[in-house]
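This briefing introduces one protein structure to a reader who is new to the subject. Please examine the sequence and the model before reading the points that follow.

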Amino acid sequence: MKPEVELYDTTLRDGSQGEGINFSVMDKLRIAEKLDAFGIHYIEGGWPGSNPKDIEFFAEAKRKKFKNARVAAFGATRRKGVSVQNDEQVRMLLEAETPVITIVGKTWLLHVKEVLRATPDENLAMIGDTIRFLKDQGKFVHYDAEHSFDGFSDEPEYALATWHAAEKAGADRIVLCDTNGGRLPNEIAHITKLARGKLNTPLGIHTHDDIGLGVANALAAVEAGAMQVQGTINGYGERTGNCNLTSVIPNVALKMKKFCLPAKSLRKLKELSQFVDEIANIRHNPRLPWVGSAAFSHKGGQHVNAVQKLSRSYEHVDPASIGNSRHILVSDLAGRSNILVKARELGFNITNDTPELSKILARIKRLEHEGYEFEAAEGSLALLIRKIFKHEEPPFTIQGYHVSMRHDHATSVCEASVKVHVDGKSEHTIAGGDGPVNALDQALRNALVKFYPQLKKVQLSDYKVRIIDSASGTGARTRVLIESTDGKAEWGTVGVHDNIIEASLQALSDSLEFALMKK
Ligand SMILES: [Zn+2]
């Protein structure tokens with residue numbers, strides 16, 4: 001089925017300009033494959049004229065078979081005073097051997113005169129010559145009209161002349177760009193509509209999020225007649241980022257009801273968003289619209305109650321449609337229904353009349369008052385609920401530990417010993433590590449693996465420390481949150497103590513106990 005709105009991803013080019021983003025060639029290939037499998041229509045792989053890494057990417061990419069996407073190489077119009085055949089940068093674009101080429105050119109007379117230092121006519125020739133040359137080589141050509149909206153506002157006649165030059169030369173798409181991201185949706189809509197009326201070439205929109213309107217501006221342009229949106233996964237990009245495709249896609253499909261991707265792709269949106277963050281080594285932002293872990297979280301007791309009765313009452317769409325899920329938070333505000341839902345999520349069969357319910361609630365409230373936080377520590381919460389329900393022996397107890405650290409010249413050495421008790425037997429182990437917590441983790445694990453070999457698969461994936469109530473002056477407490485994984489599932493555990501080592505040990509011990517409970 002032909003899309004009503006095309007998706008053009010520039011995560012690998014514009015997105016890689018973002019602060020803290022540094023993709024290797026392998027990273028770029030993995031992301032391109034994921035975007036293709038997801039169903040994105042165009043993948044802009046990079047600018048071969050700007051760096052050798054991008055040349056290498058295209059060399060690898062041409063050996064791959066993409067099912068859904070067409071790969072695009074990005075570049076600029078020929079330089080002034082040089083024929084297009086002799087332009088080095090244009091030659092490198094052709095050497096990328098992609099089916100699609102995207103060319104950026106100047107719309108704004110101010111830029112033509114002050115930045116390019118070219119005459120208005122020379123700029124029109126640069127646009128026309130480059131596109132015509134690439135069309136003659138059999139390429140599908142996107143023309144990215146830089147500063148479309150600023151240029152049009154300043155000199156509408158000249159902006160139009162540049163777009164006409166692109167159309168006359170045979171551009172397949174003319175993409176209006178809000179390059180500095182400072183325009184409002186009504187301005188974007190107005191100018192897109194005017195362009196739509198004057199041009200026959202299908203229009204695209206490329207926006208940035210400098211004033212928080214990247215997505216809104218893209219949607220305004222679609223409403224006004226653009227049929228392609230350019231953006232990046234999770235809104236990566238220079239400054240505050242590009243238009244975020246993980247918001248654009250569900251808005252176009254579910255709110256504007258325009259076909260861009262099959263529903264089965266849409267259900268993988270959250271996974272795609274997490275995948276790209278993982279490759280970029282960035283923690284997934286819980287507050288991302290649509291795909292963040294908090295996007296469908298409910299905290300207030302009344303809300304939770306209502307969501308259980310009628311999810312439509314507090315949710316704008318079914319979270320499953322974009323691969324997200326409803327998440328009930330346990331917190332200070334928690335009413336009985338929060339605990340009930342959470343306990344059921346964790347596999348406990350309890351109802352509103354279960355007598356232990358108020359005991360669990362009271363215990364959570366007391367611990368939260370002491371500085372515990374269970375929203376990201378489901379493992380610790382599950383153990384707490386189980387302890388109140390079942391009066392069975394824990395799988396292990398820690399009888400004692402010792403941690404030491406010394407510094408010799410340039411190296412520091414940490415060592416920990418732990419004594420555990422399992423089923424009437426004791427085990428005492430010693431281990432080293434890069435830090436005291438790492439050494440403690442190793443020692444505890446080595447001791448327990450002898451009894452529970454399944455713990456070998458459990459790994460610590462994140463460790464966060466926060467100092468709480470430091471303002472009170474009566475000694476700050478430390479809260480440690482640990483995330484663990486067994487390769488399949490992830491869970492969080494928490495520890496709170498005046499001493500960071502004690503707090504860490506609580507969270508470590510909960511993590512391993514929860515891993516055993518899951519079996
Ligand atoms: Zn851009």
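At 4% relative accessibility, does Phe74 count as buried or exposed? Phe74 counts as buried, because its relative accessibility is 4% and the limit for a buried residue is under 20%. The model is predicted. It contains a barrel that 8 strands close, and a zinc ion with three named protein donors, Asp14, His206 and His208.

**The barrel and its helices**

- The strands of the barrel follow the order 1-2-3-4-5-6-7-8, and their pairing is parallel.
- On average, neighbouring strands of this sheet are turned by 25° against each other, with direction ignored.
- Helix 1, formed by residues 25–38, packs on the sheet and touches strand 1 (6–9) and strand 2 (42–46). The direction of helix 1 makes about 170° with that of strand 2.
- Strand 3 (residues 70–76) and strand 4 (residues 100–106) run parallel and are joined by 5 bridges.
- Ala73 has Ile101, in strand 4, as its bridge partner.
- Helix 8 (residues 185–198) lies across strand 6 (173–178) and strand 7 (203–207). Helix 8 runs at about 155° to strand 7.

**The zinc site**

- The zinc ion has as its protein donors Asp14 through OD, His206 through NE2 and His208 through NE2. These donors lie 2.0 to 2.1 Å from the ion.
- Along the chain, the donors follow the spacing D-x191-H-x1-H.
- Asp14 and His206 link distant parts of the chain, as they are 192 residues apart. Asp14 belongs to the loop between strand 1 and helix 1, whereas His206 belongs to strand 7.
- Asp14 and His206 are both buried.

**Cysteines**

- A disulfide is a covalent bond between the sulfur atoms of two cysteines.
- A search of the whole structure finds 0 disulfides.
- Why is Cys177 not bonded to Cys243? The closest cysteine sulfur to that of Cys177 is the one in Cys243, and it is 12 Å away, which is too far for a bond; a disulfide requires the two sulfur atoms to be within 2.5 Å.
- Cys243 is likewise in no disulfide, and its nearest cysteine sulfur is that of Cys177.
- Cys177 is buried, with a relative accessible area of 4%. Cys243 is also buried, with a relative accessible area of 0%.

**Aromatic residues**

- A pair of aromatic rings is described by the distance of the centres and the angle of the planes.
- The count of aromatic pairs comes to 8.
- One of the pairs is formed by Trp47 and Phe74, and it is edge-to-face. The rings are 5.2 Å apart from centre to centre, with 80° between the planes.
- Trp47 and Phe74 link distant parts of the chain, being 27 residues apart. Trp47 is in the loop between strand 2 and helix 2 (52–61), and Phe74 is in strand 3.
- Trp47 counts as partly exposed at 27% relative accessibility, whereas Phe74 counts as buried.
- Phe57 and Phe58 form another edge-to-face pair, with 5.3 Å from centre to centre and 75° between the planes.
- Phe57 is buried, with a relative accessible area of 0%, and Phe58 counts as buried at 1% relative accessibility.
- One aromatic cluster is formed by Tyr8, Tyr42 and Phe140.

Methods. Residues numbered from 1 in each chain as written. Predicted model: local features only at pLDDT ≥ 70, side-chain atom pairs only at ≥ 80, totals over all residues. Heavy atoms only, no water. Pairing = 2+ DSSP bridges. Helix = DSSP H or I, 4+ residues; strand = E, 2+ residues; numbered from the N terminus. Axes fitted to C-alpha atoms, helices over the stretch in contact; angles between N-to-C directions. Contact = heavy atoms within 4.5 Å. Buried < 20%, exposed > 50% of the residue type's maximum accessible area, 1.4 Å probe, protein only. Donors = N, O, S within 2.8 Å, 3.2 Å for Na, K, Ca; no water. Phe/Tyr/Trp six-rings, centres within 6.5 Å; stacked < 30°, edge-to-face > 60°.
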